[in-house]
Amino acid sequence: MAETERPNKPSLIGRWFPVRYVYLRDGDQVRAWALTPFRQLTAAAAAVLLGGWFLVASSGFLYGLVLQNQADRAVVRTRAEAERLNADLQARLDSAVLRMSATTGSIDDMAAMVERRHAALTQVMSLFRGVDGADTLLAPSPAPDPARSTPVQRMVAVRMDQERLIARAEDVARTRAERLRLAFRLAGLNPAAYAPRDTALGGPLVEARDPHALGVVLDVDEAFALRIRNAADNLNDMRRLADAAEGLPFRRPTLTRTTSGFGVRFDPFNGRPAVHQGQDFAGPLNTPVYATAPGVASYVGPRSGYGNVVEIDHGRGFKTRFAHLNSMIVRAGQRIALGQRVGGMGTTGRSTGVHLHYEVWMDGRPQNPARFMRAGDQLVQQN
């Protein structure tokens, strides 16, 4: 007897994606298209990639919003806490001044205390020299008119102004330090890694860790010394973070509008999904392109696919790349300043039109430039 032929079992792909047909009727004509397992598998893979790209892009955007909202709420809470503390201190100061003025010799004691605090405040305010807006925020109030006030009233007014100034100094330093930390987090960076606390700026206000010891050095009461200590600590953090931020690529390379962003997109030449490792900016031919941080031009010239390129090494593992340039006005090895023009926008290399392709690299890996630009926007809002 002849053996009965067994039907071939479909493959795994065939079981999941059997051949399907699509029929289109046009009048009396009927056309059919066969959807082979390979075509179905390709379409499914493209859908998964597209869905994954949307998920990653949406998650990154939402994560940035959550970080910014949390930091903003923290800044608001910190400011409200400082205002409540200032109001409480002022109320206690009023009570203390009334008790002091009712005792013998209190005027001399109060005058000596005011003088010592004034000397300590002078040192604190000197730390804020060069901080944007500090001269206005920390300006002392006008002294009372001697013709309309007693010596006690004038000393009370001076001491109240001292309390206001130290509270304002604490608030300014704390708020600006928090906003700088927010900028680093928006860029996906750990602030502590770029501004370690063990790098003090020096001076008795920074080196004296014990408030009691600082009070002895400044010849003021311990409570006032503690507030000076807090203001100096926050100011020290702010200066370290600000110095670190000056060397990182937080600025925008051009002021034109953004187009294609970082992540998976469809290649404009073959229509297939591909990883886009930078941020694109559209604009007219030769639109100025600027350095986003100081550094050294490590490469200037053509690169395959990128066209004319300027690459800048910023140190600490950071590098930026400006591609498809029409003109390059710097040379390799040249020192580049923040905001210095490095070239003009073009369409050289693998490009479909005039635009700038901008990349940010950290430790040999491409980063999302949008995160760094959001950090830069946060710093601009602070100033």
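The largest nonpolar core of this predicted model comprises 39 residues, and those with the most contacts inside it are Phe184, Leu189, Tyr194, Phe250, Phe322, Val342 and Leu356. A nonpolar core is here a set of buried Ala, Val, Leu, Ile, Met, Phe, Trp, Tyr and Cys residues joined through side-chain atoms within 4.5 Å, where buried denotes under 20% relative accessible area, exposed over 50%, and partly exposed the range in between (1.4 Å probe, protein chains only). Two or more residues each are given to this core by helix H5 (151-186), helix H9 (222-246), strand E8 (307-315), strand E9 (318-328), strand E11 (341-345), strand E12 (355-362) and helix H10 (369-382); helices (H or I, at least four residues) and strands (E, at least two) are DSSP runs numbered from the N terminus. The most is contributed by H5, with 7 residues. A second core, separate from this one, has 7 residues, including Val220, Phe224, Ala225 and Ala231.

Residues are numbered from 1 along each chain as its sequence is written, and side-chain values rest on heavy atoms, with hydrogens and water left out. For this predicted model, local features require pLDDT of at least 70 and side-chain atom pairs count only at pLDDT 80 or more, whereas totals for chains, interfaces and linings use all residues.

In the chain as a whole there are 10 helices and 13 strands, and buried residues make up 38% of the 383 residues. Of the contacts (heavy atoms within 4.5 Å) with a separation of 6 or more, 67% are between residues 24 or more positions apart. The chain exposes about 21900 Å², of which carbon and sulfur atoms supply 56%; accessible areas come from the Shrake-Rupley method with a 1.4 Å probe, and for residues only the protein chains shown count as cover.

Aromatic residues recur in the description of the largest core, Phe184, Tyr194 and Phe250 being among those with the most contacts inside it. Rings of Phe, Tyr and Trp (its six-membered ring) are taken to pair if their centres lie within 6.5 Å, with planes under 30 degrees apart counted as stacked, over 60 as edge-to-face and the rest as tilted. By this rule the count comes to 6 aromatic pairs. In one of them, Phe184 and Tyr194 form a tilted pair, 5.8 Å centre to centre and with 40 degrees between the planes; Phe184 belongs to helix H5 and Tyr194 to helix H6 (residues 191-194), 10 residues apart, and both residues are buried. The rings of Phe250 and Phe372 have centres 6.1 Å apart and planes at 35 degrees, so this pair is also tilted. Because Phe250 lies in the loop between H9 and strand E3 (263-266) and Phe372 in helix H10, the pair ties together parts that are 122 residues apart in sequence, and again both partners are buried. Phe184, Tyr194, Phe250, Phe318 and Phe372 form one aromatic cluster.

Among the strands, E5 (residues 279-282) holds Asp280, which counts as buried at 5% relative accessibility. Both faces of E5 are covered, with Gln279 and Phe281 buried on one side and Asp280 and Ala282 buried on the other. E5 and E12 run antiparallel and are joined by 4 bridges, two strands being regarded as paired if DSSP finds at least two bridges between them. Within this pairing, Asp280 stands opposite His357 in E12, and the side chains of these two residues are joined by a polar contact of 3.0 Å; such a contact is a pair of N or O atoms within 3.5 Å, of which, within protein, one must be able to donate a hydrogen and the other to accept it, while residues adjacent in sequence count only if both atoms are side-chain atoms.

Strand E11 is mostly covered, 4 of its 5 residues being buried. E11 pairs in the antiparallel sense with strand E6 (residues 288-290) over 3 bridges, and Tyr290 stands opposite Arg341 in E11. E9 is likewise joined to E11 by 3 bridges in an antiparallel arrangement, with Ser327 opposite Gly344 in E11.

Two loop residues carry a positive phi although neither is a glycine. Asn286, with a phi of about 70 degrees, lies in the loop between E5 and E6 and is partly exposed, with a relative accessible area of 31%. Asp363, with a phi of about 55 degrees, is located in the loop between E12 and strand E13 (365-367) and is exposed, with a relative accessible area of 59%.
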